[in-house]
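Here is a short briefing on ring contacts, a pocket and strand pairing. Please view the structure first.

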Amino acid sequence: MKSKNKWIVGGAITVVLLFFLFNKVTVVEVGIDGRSYYIHDREFELKWIHSVEKEEWVEVYKINENKLSLIETYFKTFGAGVPAQGEVIPSSDGYIHMKMDVSYKELNIAVSENVKTTLSTDKKDVHLYKLTENYNNVVLTVKELFIWKVWEGEIL
């Protein structure tokens, strides 16, 4: 290979390596028992079975300016814990949908097999209650991390 081509190939490899080493990505970090799991989706659902109503309850979150924004919630019946600040959205799927606009720096969730706490993305359902003991705390936060740092945790 000619010397000029070696420099071009070497330069291209260096640029790609620098991109991967110093490029940051925004992820949702799911902290469980001192371990970090990462979600790359910018929107996800948090689901559980309501302890009183015994019906599924769903909250839809999206990443918004390094915070988690609750943008919608839906459930089967009005009961304990229904938010007062939401706007009811017409729907025909058997759920009551409410448009929300609430942001959180972090979410602290006590997970349980009894309520089947689940995090859903477009790609899959993650049963949080299977990743830890009953009633342990799971913390969700938005992080901006170098790509190589994300590789240290597990991708959900």
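Two strands pair if DSSP finds at least two bridges between them. Strand β8 (residues 106–110) and β11 are joined by 5 bridges and run antiparallel. The model is predicted.

**Strand pairing**

- Strand β11 (residues 137–146) also pairs with strand β1 (residues 24–32), in the antiparallel sense, over 9 bridges.
- On the β1 side, Thr-26 stands opposite Glu-144 in β11.
- Asn-108 has Val-139 in β11 as its bridge partner.
- In a regular strand, side chains alternate between the two faces of the sheet.

**Aromatic pairs**

- The whole structure holds 5 aromatic pairs.
- One of them is Phe-44 with Tyr-61, a stacked pair at 5.6 Å centre to centre, with 20° between the planes.
- This pair links distant parts of the chain: Phe-44 lies in strand β3 (residues 43–49) and Tyr-61 in strand β4 (residues 56–64), 17 residues apart.
- Phe-44 and Tyr-61 are both buried.
- Trp-48 and Trp-57 form an aromatic pair that is also stacked, at 6.0 Å centre to centre and 15° between the planes.
- Trp-57 counts as buried because its relative accessibility is 5%, and the cut-off for buried is under 20%.
- Tyr-104 joins Phe-44 and Tyr-61 in one aromatic cluster.

**Charges over rings**

- Lys-24 places its charged end over the ring of Phe-146, 4.9 Å from the ring centre.
- The charged end of Lys-76 sits over the ring of Tyr-95, 4.7 Å from the centre of that ring.

**The largest pocket**

- Rolling a probe the size of a water molecule over the atoms shows where empty space is left.
- The largest pocket has a volume of about 210 Å³.
- Its lining has 15 residues, and the closest to the pocket centre are Trp-48, Trp-57, Glu-59, Gly-81 and Pro-83.
- Strands β3, β4, β5 (67–75) and β7 (96–104) are the elements that give two or more residues to this lining.
- By type, the lining residues of the largest pocket divide into 9 nonpolar, 5 polar and 1 charged.
- Which two tryptophans among the residues closest to the pocket centre also stack on each other? They are Trp-48 and Trp-57.

Technical notes: Residues numbered from 1 in each chain as written. Predicted model: local features only at pLDDT ≥ 70, side-chain atom pairs only at ≥ 80, totals over all residues. Heavy atoms only, no water. Phe/Tyr/Trp six-rings, centres within 6.5 Å; stacked < 30°, edge-to-face > 60°. Helix = DSSP H or I, 4+ residues; strand = E, 2+ residues; numbered from the N terminus. Buried < 20%, exposed > 50% of the residue type's maximum accessible area, 1.4 Å probe, protein only. Lys NZ or Arg CZ within 6 Å of the ring centre and 35° of its normal. 1 Å grid on protein atoms, 1.4 Å probe; cavity = no way out; pocket = protein on both sides within 12 Å on 5 of 7 lines; lining within 4 Å. Points joined across faces, edges and corners; volume = space filled by probe spheres on them. Nonpolar A, V, L, I, M, F, W, Y, C, P; charged D, E, K, R; others polar.
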